[in-house]
Amino acid sequence: MADYHFVYKDVEGASTQWDDIQRKLGNLPAKPPAFKPAPFTPAEDEASLPKDKSWIDEKTERDLEDLEDNPDLDDDRFLEDYRKKRLAELREAAKVARFGSVVLISGSDFVREVSQAPADVWVVAVLYKEGIAECGVLMQCLEDLATKYPATKFVKIISTDCIPNYPDRNVPTVLVYNNGAVKANYVGLQSFGRRCTPEGVALVLCQSDPVLNDGQNGNDRSRKAVIDGVRKRFIEKVVTEHENDDDGSSSD
């Protein structure tokens, strides 16, 4: 017959009543603590993590429209609502920021492009002549401002095409229009200071009215808001130039 003898092994960490008595008497060392596994923590499910919407801020209007057919967004109501809101903001900004460059016009275009511009649009018209250095300097500044303030309309017109026999000594001349009326005029490059810079021209244009509009300030188109924006850009420019100078000197 087979031998059915076996050794019984108790649960690990268990002890007999006799052992417990001996431990109370100090004849045996203290009972080791029972093994206790660490609490279980399930791994994070990426699908359950809060969605980071920062990536959608960098999307263009076309990119956002392409997302309309993206099935991955169907179950994410928050992201879908945010996408729609962001798309509406971009479309609204596009309505306001509709210029962005200095456009050449002719004398016959002046009334339509300048005098009859919408009442909520400020128009900066520069009278110039080719080959005059001062006109070239001011034009570079205006091109820079037209890019930074695309909700303000910038146009240029040859001086004698706008006003027959207009003296060359008066160019460049800047005319500021709003709601069909001339709000300011600046004759000659000296009107914009000893050093003609985009920031200096911006400050002169906004002396009395919020001429410049970047399309980002919403309903706040006050002169103070414009001036603050110009000063901020000027400080950023100075800091950037200073940092570039430091990098250049350290590399020598």
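# Why these labels? A chat about a predicted model

User: Hi! Where is Glu113 placed in this structure?

Analyst: Welcome! In this predicted model, Glu113 lies in helix H5, which covers residues 110-115.

User: Why is Glu113 called partly exposed?

Analyst: Its relative accessibility is 22%. Buried would require a value under 20%, and exposed a value over 50%. Glu113 falls in between, so the label is partly exposed.

User: What makes the pair Glu113 and Arg112 a polar contact?

Analyst: Their side chains are joined at 3.4 Å, and the cut-off is within 3.5 Å. Arg112 and Glu113 are adjacent in sequence, and such pairs count only if both atoms are side-chain atoms. This contact does join side chains, so the label applies.

User: Which residues does Glu113 touch beyond its sequence neighbours?

Analyst: Leaving out residues up to four places away in sequence, Glu113 touches Ile105, Val123 and Lys153. As for Val103, ten residues away along the chain, its C-alpha atom is separated from that of Glu113 by 10.0 Å.

User: How do you know whether Cys162 and Cys206 are buried or partly exposed?

Analyst: Compare each value with the cut-off of 20% for buried. Cys206 has a relative accessible area of 0%, so Cys206 is buried. Cys162 has 24%, so Cys162 counts as partly exposed.

User: How many disulfides are found?

Analyst: Zero, after a search of the whole structure. A disulfide would need a pair of cysteine sulfur atoms within 2.5 Å.

User: What makes up the largest nonpolar core?

Analyst: This core has 44 residues, and Leu138, Val174, Val201 and Leu205 touch the most other members. Among the elements that each supply at least two residues are helix H6 (133-148), strand E4 (173-178) and helix H8 (198-205). As a general point, nonpolar side chains tend to be buried together in soluble globular proteins. Leu205 gives a good example of the contacts involved: leaving out residues up to four places away in sequence, its partners include Val124, Leu145, Val174 and Tyr186.

User: Why are H6 and H8 called roughly perpendicular?

Analyst: Their axes cross at roughly 75° and come within 9 Å. Angles of 65 to 115 degrees count as roughly perpendicular, so H6 and H8 earn that label. Residues making the contact include Leu138, Leu142 and Leu145 of H6, together with Val201, Ala202 and Leu205 of H8.

User: What makes Asn165 and Asn179 stand out?

Analyst: Most residues other than glycine have a negative phi. Asn165 has a positive phi of about 60°, and Asn179 has a positive phi of about 55°. Asn165 sits in the loop between H7 and E4, while Asn179 sits in the loop between E4 and E5.

User: Why are Asn165 and Asn179 called exposed?

Analyst: Exposed means over 50% relative accessible area. Asn165 reaches 72%, so Asn165 counts as exposed. Asn179 has 54%, so Asn179 counts as exposed too.

User: How do you know that the peptide bond from Val171 to Pro172 is cis?

Analyst: Its omega is near 0°. Most peptide bonds are trans. Pro172 is found in the loop between helix H7 (159-162) and E4.

User: What does the whole chain look like in terms of helices and strands?

Analyst: The chain has nine helices and five strands. Of its 252 residues, 31% are buried. Among contacts between residues at least 6 apart in sequence, 65% join residues at least 24 apart.

Technical notes. Residues numbered from 1 in each chain as written. Predicted model: local features only at pLDDT ≥ 70, side-chain atom pairs only at ≥ 80, totals over all residues. Heavy atoms only, no water. Helix = DSSP H or I, 4+ residues; strand = E, 2+ residues; numbered from the N terminus. Buried < 20%, exposed > 50% of the residue type's maximum accessible area, 1.4 Å probe, protein only. Contact = heavy atoms within 4.5 Å. Polar contact = N/O pair within 3.5 Å; in protein donor to acceptor, adjacent residues only side chain to side chain. Core = buried A, V, L, I, M, F, W, Y, C linked by side-chain atoms within 4.5 Å. Axes fitted to C-alpha atoms, helices over the stretch in contact; angles between N-to-C directions. Parallel < 35°, antiparallel > 145°, perpendicular 65-115°, else oblique.
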